[in-house]
Amino acid sequence: SFGSYQMQSLGSRDLRELSCYVPNFVMPNYGSRFTNAMYVRGIGSRINSPAVGIYLDGIPVLSKAAFNLHHYQTSRIDILRGPQGTLYGQNSEGGLVRIYSRDAYDSKGTYVNLGLGSHFYRNVEAAHYQKFNEHIALSLAGFYEGQNGFFRNTHTGDRSDQYNEAGGKMLLKTRFDSGWKMDVLANYQYVDQNGFPYGKLDLETGKAALPSTTFDGTYLRHSFISGVTVNHTGTDYSFASTTSYQYLKDKMNMDSDYLPADYMSILQEQLQNSLTQEFTLKSN
């Protein structure tokens with residue numbers, strides 16, 4: 001389990017970077033944000049249905065293409081190793097990742113973070129937390145991040161891994177009498193990046209050449225995750241109902257022969273609209 005201070009000190013902005021510090025948990029950092037295979041204790045899936053699930057503020061992230069989210073204003077991230085199907089259902093036989101956003105019950109005021117780094121890395125993050133009374137608290141947050149990249153395509157002359165991404169989220173939390181509470185989440189993220197900066201490997205030296213492809217690979221994604229969670233905690237049991245709507249639209253364009261000559265390329269587009277309903281009843 002990682003708290004917000006730990007993630008900030010480690011400079012972790014997504015699960016790929018956080019996986020460097022978690023034993024038995026791997027999420028490779030290559031290609032683009034479309035590349036999102038996760039492995040726990042060697043169990044995972046590169047294609048098709050995942051074997052490790054992700055829950056964002058109690059909402060199951062359905063599309064594997066949306067797993068690689070940018071983390072900001074995050075309260076805690078848990079990595080649960082081993083089968084979690086009893087409470088979290090299918091696609092969690094390897095493990096589960098739980099992501100929790102900061103909320104206005106635990107934070108207050110307005111935050112602005114600015115970042116600047118090499119290769120013109122830039123980051124802007126802003127959030128406001130407002131607790132109206134003991135029953136209602138609202139948090140609003142947004143971010144922008146970009147970088148010029150590290151690899152230049154020797155054929156096109158452009159950066160092969162430059163990117164821009166932005167997003168915003170709203171979390172409304174309510175606390176009623178008699179142990180009832182309700183959370184409402186809306187989280188949107190946008191990604192526009194050049195990706196797949198692959199070069200030919202020299203087996204003698206062990207070094208990879210700079211990319212030299214017909215065109216720069218690109219990945220564009222719109223992701224929206226929203227949901228309502230109602231919880232009741234009694235003396236002997238806890239009950240939860242989670243209803244969510246999720247939207248994903250992405251487009252990947254990749255020169256799959258990785259050569260200056262135009263032999264093969266891949267264009268893949270997805271459009272998903274999903275509704276989910278989960279009920280959980282457990283003893284205390």
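Q: Taking buried to mean under 20% relative accessible area, exposed over 50% and partly exposed in between (1.4 Å probe, protein chains only), where does Asp183 fall, buried or exposed?
A: Asp183 is buried, at a relative accessible area of 14%. Please keep in mind that this is a predicted model, in which local features need a pLDDT of at least 70 and side-chain atom pairs count only at pLDDT 80 or more, while totals for chains, interfaces and linings use all residues. Residues are numbered from 1 along each chain as its sequence is written, and side-chain values use heavy atoms, with hydrogens and water left out.

Q: How confident is the predictor, on average, in the protein chain?
A: The average pLDDT of the protein chain is 93, and 100% of the residues score at least 70, where pLDDT is the predictor's confidence in each residue, on a scale from 0 to 100.

Q: And where is confidence lowest and highest?
A: The lowest confidence in the protein chain is in helix 3 (residues 85-88), with a mean of 84, and the highest is in strand 11 (residues 136-147), at 97. Helices (H or I, at least four residues) and strands (E, at least two) are DSSP runs numbered from the N terminus.

Q: Back to Asp183, which side chain does it meet in a salt bridge?
A: Its partner is Arg175, at 3.4 Å from N to O, a salt bridge being a side-chain nitrogen of Lys or Arg within 4 Å of a carboxyl oxygen of Asp or Glu. Arg175 counts as partly exposed at 22% relative accessibility, whereas Asp183 is buried.

Q: Is there a network of salt bridges too, and which residues are in it?
A: Asp14, Arg16, Arg33 and Glu165 are joined into one network by salt bridges that share partners. The whole structure holds ten salt bridges, among them the one between Arg13 and Glu17, whose closest N and O atoms are 2.8 Å apart. Another is between Glu134 and Lys131, at 3.4 Å from N to O; there Glu134 counts as exposed at 56% relative accessibility, and Lys131 as partly exposed at 37%.

Q: What about Asp250, which has no salt bridge: how far away is the nearest side chain of opposite charge?
A: That side chain belongs to Arg221 and is 6.4 Å away, and Asp250 is buried; for charge, Lys and Arg count as positive and Asp and Glu as negative, while His and the chain ends are not counted. Asp250 lies in strand 15 (residues 237-254).

Q: What does its side chain pair with instead?
A: The side chains of Asp250 and Tyr219 share a polar contact of 2.6 Å. Such a contact is a pair of N or O atoms within 3.5 Å; within protein, one must be able to donate a hydrogen and the other to accept it, and residues adjacent in sequence count only if both atoms are side-chain atoms. Leaving out residues up to four places away in sequence, Asp250 also touches others (heavy atoms within 4.5 Å), including Phe34, Ala65 and Gln268.

Q: Changing topic, how many aromatic pairs are there?
A: There are eight aromatic pairs in the structure. Rings of Phe, Tyr and Trp (its six-membered ring) pair if their centres lie within 6.5 Å, and planes under 30 degrees apart count as stacked, over 60 as edge-to-face and the rest as tilted. Phe196 and Tyr198 make an edge-to-face pair, with 6.3 Å between centres and 65° between the planes. Phe196 is buried at 8% relative accessible area, while Tyr198 is partly exposed at 27%. In the pair of Phe224 and Tyr245 the centres are 6.4 Å apart and the planes stand at 55°, so the pair is tilted.

Q: Why does that second pair tie together parts 21 residues apart in sequence?
A: Phe224 lies in strand 14 (residues 217-233) and Tyr245 in strand 15, so the pair links parts at that separation.

Q: Any odd backbone angles, say at Gln73, and what is its phi?
A: Gln73, though not a glycine, has a positive phi of about 50°. Most residues other than glycine have a negative phi. Gln73 sits in the loop between strand 6 (59-60) and strand 7 (74-81) and is buried at 7% relative accessible area. Phe120 likewise has a positive phi, near 50°, but is partly exposed at 45% relative accessibility.
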